[in-house]
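Me: Hello! I am new to this structure and would like a friendly walk through it. Could we take it one question at a time?

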Amino acid sequence: MKNIGGGGKQFDLIFCNKVFHHFVTGTYQGTIHMMENCMNKLQRQLSSTGMLCILDYFYNGLIIDSFPSWMIYRCTSQKNWILMKLFKKMGAKSAGNGVCFQSEKMWCELIERCQLKIKVLDKGSIFPMKVIKQIFLLSHKPIEDCIFICEKKEAVETISAI
């Protein structure tokens, strides 16, 4: 993430395949901030008509939209070996480093903050999850392979003005 820069090059297409949820730091807020910083860097690398394609998961909360995101981060970033074993049995495979999935709303807000406009949003299939995990995470069933195709807001505004 730190080495994103491209040496001033511009790209017509940048594709991120299930990587954003792995950009984690020591805190949940720091993790969200790192994701935003990365997306801002990628946005600056796009050519004026370039597209940023993001493929990832949605974990939408039942009551509080961001709760599953926060809870998954907290559970998967545990360093306590007993808790790590417990969460591994529940399906977490992060070796205590953590992962941070976003809800659909969180993704849309992040994209907006990074001066990008969603051109296409294609929701993937529902990921199978046991009811007990849904209750624990206060989550709807997660949706996998969600695709955002985004373009720079300035490109949209320039094209609209022509």
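Reply: Happily! Let's begin with a term for aromatic groups: rings of Phe, Tyr and Trp (its six-membered ring) pair if their centres lie within 6.5 Å. Please keep in mind that this is a predicted model. With that cut-off, one aromatic cluster is formed by Phe20, Phe23, Phe58, Trp107 and Phe148.

Me: How many aromatic pairs are found in the whole structure?

Reply: The search covers the whole structure. One of the pairs joins Tyr57 and Phe127, with 6.2 Å centre to centre and 80° between the planes. The number of aromatic pairs found is nine.

Me: How many residues apart are Tyr57 and Phe127?

Reply: Tyr57 belongs to strand 2 (residues 46-58), while Phe127 sits in the loop between strand 3 (116-122) and helix 5 (131-137). The pair therefore links distant parts of the chain. Tyr57 is buried, at a relative accessible area of 17%, and Phe127 is partly exposed at 30%. Along the chain, the two are 70 residues apart.

Me: What order do the elements run in, from the N terminus on?

Reply: The protein chain has six helices and four strands. Starting at the N terminus, the order is β-α-β-α-α-α-β-α-β-α.

Me: Is strand 2 largely enclosed or largely open?

Reply: Strand 2 has 13 residues, and 11 of them are buried. Strand 1 (residues 11-17) pairs with strand 2 in the parallel sense over six bridges, and strand 4 (residues 143-152) is joined to strand 2 by seven bridges, running antiparallel. Because 11 of its 13 residues are buried, strand 2 is largely enclosed by the rest of the structure.

Me: Which residue of strand 2 is the bridge partner of Asn17?

Reply: Strand 1 and strand 2 pair in the parallel sense. For Asn17, the bridge partner in strand 2 is Leu55.

Me: Is the crossover from strand 1 to strand 2 right-handed or left-handed?

Reply: The chain leaves strand 1, passes through helix 1 and arrives at strand 2. This path is a β-α-β crossover, and its hand is right-handed.

Me: Which residue of strand 4 stands opposite Ile118?

Reply: Strand 4 is mostly covered, with seven of its 10 residues buried. Strand 3 runs antiparallel to strand 4, and six bridges join them. Other positions of strand 4 face strand 2: Asp56 stands opposite Cys146, and Phe58 has Ile143 as its bridge partner. Opposite Ile118 stands Cys150.

Me: Is Thr31 buried or exposed?

Reply: Thr31 lies in helix 1 (residues 28-45). Leaving out residues up to four places away in sequence, Thr31 touches Phe23, Val24, Thr25, Tyr73 and Cys100. Its relative accessibility is 0% and the cut-off for buried is under 20%, so Thr31 counts as buried.

Me: Which residue has its backbone nitrogen 2.9 Å from a polar atom of the Thr31 side chain?

Reply: Thr31 touches several residues, including Phe23 and Val24. The backbone nitrogen at 2.9 Å from a polar atom of its side chain belongs to Thr25.

Me: What share of the contacts with a separation of 6 or more comes from residues 24 or more positions apart?

Reply: The protein chain has 162 residues, and 46% of them count as buried. Its accessible surface comes to about 9300 Å², with 59% belonging to carbon and sulfur atoms. Among contacts with a separation of 6 or more, the share from residues 24 or more positions apart is 76%.

Technical notes: Residues are numbered from 1 along each chain as its sequence is written. Side-chain values use heavy atoms; hydrogens and water are left out. Rings of Phe, Tyr and Trp (its six-membered ring) pair if their centres lie within 6.5 Å; planes under 30 degrees apart count as stacked, over 60 as edge-to-face and the rest as tilted. Buried means under 20% relative accessible area, exposed over 50%, partly exposed in between (1.4 Å probe, protein chains only). A polar contact is a pair of N or O atoms within 3.5 Å; within protein, one must be able to donate a hydrogen and the other to accept it, and residues adjacent in sequence count only if both atoms are side-chain atoms. Contact means heavy atoms within 4.5 Å. Two strands pair if DSSP finds at least two bridges between them. A crossover is right-handed if, with the strands pointing away from the viewer, the path from the first strand over the helix to the second runs clockwise. Accessible areas come from the Shrake-Rupley method with a 1.4 Å probe; for residues, only the protein chains shown count as cover.
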